[in-house]
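Please work through the exercises below with the sequence and the model side by side. Each one sets a task and then gives a solution in steps.

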Amino acid sequence: MILGIIASGITKSKLVTGSYESIATGTVAAGATSSVITFSSIPTDGTYTHLQLRMFARATAGDTMWVRFNNDSGSTNYDTHRLNGNGTSVGADARINYSALWVASRGYGISATSNIGTAIVMDVLEYASTNKYKVTRTLSGTELNTSNSDIEFTSGNWKSTSAINRIDVSISTSTLAQYTHIALYGIKA
Amino acid sequence: MAVTYEPIATTTLSSGASSIEFTSISGSYTDIILTIEGVAAADSGQYYITLNSDTTANNYSTTLLQGDGTSATSSRYNSGGNSYQSLIGWPRTSRFNSIAHFQNYSNNTTYKSFLWRYSAAGTYGYAVAGVNLWRNTNAITTIKITCTATTFSSGTMATLYGIKAA
């Protein structure tokens, strides 16, 4: 996949529009919490080739973010590999045969610190294919100026050939906190 | 269909300069993305971001993960004692580039966290990913990229993009 980005200097009328489109947005309002943010009825008719989730996430208590596809919580259906740094040391491990993809999980987890969120960009490649397991690539980061900070690369695998029509985002043992903002985008090939 | 991902501004240097700045950034997007690609006059120092001209001590910190071709390390920097505000790369006489993602940059409620990646090949090359924090709840309206010890060379290009969610 090559996502071409055209720099300014070209008038908007000449830009190729529609290759990167907003699908839906989920937020947690001020004063609220949410157990899950769900994106449903994602087009699988060839409208898009890839998906991207762009997140500013907060939790009521710091812990791992879980991402599931098509409401699948089968206990062995997801694999995650992780590489992270906490400002002092580098670590790597894997979570093989789990019930969800793990995101921002090696350190403190999703930020529960007042005013501070975890930034996440997740790519889901060829999400509508019915011939392949689904792979994800994620970069996440929580900066607290402490050893609980975390910059993390994650690769994920959902072991299903079903097209993805639903994505659920939650926190493993707590809830999504106020000011969480998750946006889903579709990318056309 | 409204444009979702669009360029806001580009600067291409016609001569060497120690900094590049974007001002009057619109608050109408959901996220903004900064890219910089180019060559520097020397393999010296770092380049960092200053937001909204804020040089207040301890307002910035960075945690990064890097590989230099031999080993992988992780470091953390706080702007309190350093001359640079918010690190996103190292100037190189070979080509270098950085991309930084500012999620929810225009809200007036939370501090601003942003992800960045950097790469440069050659003798002093790195592959780096980092997360930075600006401890300020103001919307981001200016971004300045500054070299600490050298200059960006002619031809270095920085571009700001806006992403608008539904």
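**Exercise 1. Describe the hairpin formed by β5(B) and β6(B), and then place β5(B) among its partners.**

Solution. Begin at the turn: β5(B) and β6(B) make a hairpin with four residues between them, and B:Gly69 in that turn has a positive phi of about 95 degrees. Strands here are DSSP runs of E of at least two residues, numbered from the N terminus, and two strands pair if DSSP finds at least two bridges between them.

Next, count the bridges on each side. Strand β6 (residues 72-78) of chain B pairs with β5(B) in the antiparallel sense over seven bridges, and within this pairing B:Thr62 stands opposite B:Tyr77. Strand β10 (residues 126-134) of chain B is also antiparallel to β5(B), joined to it by eight bridges, with B:Val131 of β10(B) opposite B:Thr63.

Finally, ask how covered the strand is: seven of the eight residues of β5 (residues 60-67) of chain B are buried, where buried means under 20% relative accessible area, exposed over 50% and partly exposed in between, with a 1.4 Å probe and protein chains only.

This is a predicted model, in which local features need pLDDT of at least 70 and side-chain atom pairs count only at pLDDT 80 or more, while totals for chains, interfaces and linings use all residues. Residues are numbered from 1 along each chain as its sequence is written, chains are lettered from A and ligands numbered from 1 in the order in which they are written, and side-chain values use heavy atoms, with hydrogens and water left out.

**Exercise 2. Characterise the interface between chain A and chain B.**

Solution. First establish the extent: 47 residues of chain A are in contact with 43 residues of chain B, contact meaning heavy atoms within 4.5 Å. The two chains bury about 3,700 Å² between them, 64% of it on carbon and sulfur atoms; buried area is the accessible area (1.4 Å probe) that two parts lose on being put together, summed over both.

Then list the polar links. Between the chains there are 17 residue pairs in polar contact, both residues being at pLDDT 80 or more; such a contact is a pair of N or O atoms within 3.5 Å, of which, within protein, one must be able to donate a hydrogen and the other to accept it, and residues adjacent in sequence count only if both atoms are side-chain atoms. The count of salt bridges between the chains is one, a salt bridge being a side-chain nitrogen of Lys or Arg within 4 Å of a carboxyl oxygen of Asp or Glu. That salt bridge joins the side chains of A:Arg54 and B:Asp31, at 2.7 Å from N to O.

Last, see which elements take part: on the side of chain A that touches chain B, those giving two or more residues include β1 (20-27), β9 (134-142) and β10 (150-158) of chain A, and β1(A) gives the most, with six residues.

**Exercise 3. Follow β9(A) to its neighbouring strands, and find the surroundings of A:Trp158.**

Solution. Take the strand first: β9(A) has seven of its nine residues buried. Seven bridges join it to β8(A) in an antiparallel arrangement, A:Leu139 being the bridge partner of A:Val121, and nine bridges pair it with β10(A), again antiparallel, where A:Asp150 is the partner of A:Thr142.

Turn now to A:Trp158, which is found in strand β10 of chain A and counts as buried because its relative accessibility is 2%. Leaving aside neighbours within four places in sequence, its contacts include A:Phe69, A:Tyr78, A:Tyr133 and A:Ile164, and a polar contact of 2.8 Å joins its side chain to that of A:Asp72.

**Exercise 4. Which side chain meets that of A:Lys159 in a salt bridge, and where do the two residues lie?**

Solution. The partner is A:Asp79, with 2.9 Å from N to O. The pair links distant parts of the chain, 80 residues apart: A:Lys159 lies in the loop between β10 and β11 (167-171) of chain A, and A:Asp79 in strand β5 of chain A. As for accessibility, A:Lys159 is partly exposed at 22%, whereas A:Asp79 is buried at 13%.
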